[in-house]
Amino acid sequence: MLFPLALLAAPLVSGAFVARDVHHEHTAKRALPGTWYQARDHPVHQLFKRGPTTDGIQYAEVGSPTWSAAYPVRTPDVNQMPQAWLDALAKAEQEGKIPNVPQTTNTPQTNPKYPAGHDPMSPEVCSATYKCRIPGDVWDTPDGHFGTGFDDGPEPSSVRLIDFLQENGEDATHFMIGVNILNNPQTFLHAFNSGGDLALHTYTHPYMTTLDNKNIVAQLAWTMEIIHNSTGGRIPRYWRPPYGDYDVRVRAVAREVLGLEVILWNHDTEDWSIASGGTTMQAVNSSMSQWLAGPKSPGLIILEHEHHEQAVQAFIDAFPHVKANGWQMGSVARLAGGSVYQNEDASGNVVPALVAGPIDASQVNSGTSSSTGSSSAPRSSSSSAATTSSGSNTGAAKNGAAAHAPASISAFVASGVLAALAFLAQ
Ligand SMILES: *[C@@H]1O[C@H](CO)[C@@H](O)[C@H](O)[C@H]1NC(C)=O
Ligand SMILES: *[C@@H]1O[C@H](CO)[C@@H](O)[C@H](O)[C@H]1NC(C)=O
Ligand SMILES: [Zn+2]
């Protein structure tokens, strides 16, 4: 699917592709810096590929016993993490990049609680559970857009959703749970091979503010690892905290250690609770109808799920109304930043070789679309499939971003991303 022209016009006009109006003002006033927040030589690129690019590594076939045996079956044990992940965390802590916010206590039936004296709405804590918005994180899409995304897959109910999206030529972001990938490998591959954009929703879905820094890394990095090793080397760029529970500390661990950025939502149907009687199909229908007929600014990000038939049905019911009300639909991760994977090049190709190789600085240090367009990055000869991977399991048939947007358009979108990242770096 091509990017709608209106979307492409956004960075031209405002210089702010990623996010809300606040970016518009700031990017207009500030000069672009010489370095970006997260250059391609960010240490994250070393964490998921621990050999040289030419090591000829054979990834286990997704769903095979060897593959299954390599990942935690439940909450990951911090004593069994790759040393590289722990070292990266220790380094970020030593460099003072991780704010010292106390962990919360998980209190059933209510929000996680901070110790006395720590205000969740203060900038020093800024907990999204308490509706504090950390500047720069994605809560909205550009005006007129409907950011499509689903949490808690892959599950058996995902199959119908994936097929529906594909039949209708729509893209979506799947915020996946690591253990669900482990338990539903074929559905995982179906989501990926049919063009789904993959993002993280942690390994076992905890309240992230209750965890210490090591456990936060474990929850995120194991999910990145299983996605990376099962998709020919893709490193997801985005994550969504379970229950929307994160604060400046959790955010910094995800971002500084693993290069991850947050996508939240601006509307919640509570579709996840239809099955348990928390809400009804009718109530979801009514909320959806109201929002879809409502104002086009900001664009919509509705929290939706794919782990129950009813939640999937609610989206399928709403779909014609999204169109009828004139929303431009798009995968929410793609709307948020153009690239969905950290090792996606300016043409939208994911290049596994970029994971380990240092990148020519001129490629990332430029703020203009023309220079990012003429990227000097090493390219793999096959544009999207894994060059280092063995089998057909790794998504050789991936109908990825390259197929969705011509190179020049993607490069242009990438320049908008860089402009936005430049703002975030300030
Ligand atoms: C993932 O792949 C890397 C190589 O890129 C390898 O070192 C690592 O052991 C693999 N992880 C698992 C859990 O199989
Ligand atoms: C709400 O339900 C009605 C009746 O089944 C249906 O016609 C309509 O398409 C639904 N709308 C949404 C937004 O799901
Ligand atoms: Zn969830």
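Let's start with a right-handed β-α-β unit, built from strand β1, helix α6 (residues 158-167) and strand β2. Keep in mind that this is a predicted model.

**Strand β1 and its partners**

β1 spans residues 145-153, and nine of its nine residues are buried, so to speak of the strand as mostly covered is fair under the cut-off of under 20% relative accessible area. Its pairing with β2, the other strand of the unit, is parallel and rests on four bridges. β1 also pairs in the parallel sense with β8 and with β7. The table lists each pairing.

| Partner of β1 | Residues | Sense | Bridges |
|---|---|---|---|
| β2 | 173-176 | parallel | four |
| β7 | 300-303 | parallel | two |
| β8 | 328-331 | parallel | four |

Some individual bridges are handy if you want to trace these pairings in your viewer. His145 of β1 is bridged to Gln328 in β8, while Phe146 has Leu300 in β7 as its partner. Further along, Gly149 is matched with Thr173 in β2.

**Helix α10**

Now to a helix, α10, which covers residues 248-258. Because 10 of its 11 residues are buried, α10 is largely enclosed by the rest of the structure. Among the buried residues are Arg249, Arg251 and Arg255, along with Val248, Val250, Val253 and Val257. Ala252, Ala254 and Leu258 are buried as well.

Both ends of the helix offer a detail to look at. At the start of α10, Asp247 places a side-chain oxygen within 3.1 Å of the backbone nitrogen of Arg249. Just after the helix comes Gly259, with a positive phi of about 70°.

Methods:
Residues numbered from 1 in each chain as written. Chains lettered and ligands numbered in written order. Predicted model: local features only at pLDDT ≥ 70, side-chain atom pairs only at ≥ 80, totals over all residues. Heavy atoms only, no water. Buried < 20%, exposed > 50% of the residue type's maximum accessible area, 1.4 Å probe, protein only. Pairing = 2+ DSSP bridges. Right-handed = clockwise from strand over helix to strand, strands pointing away. Polar contact = N/O pair within 3.5 Å; in protein donor to acceptor, adjacent residues only side chain to side chain.
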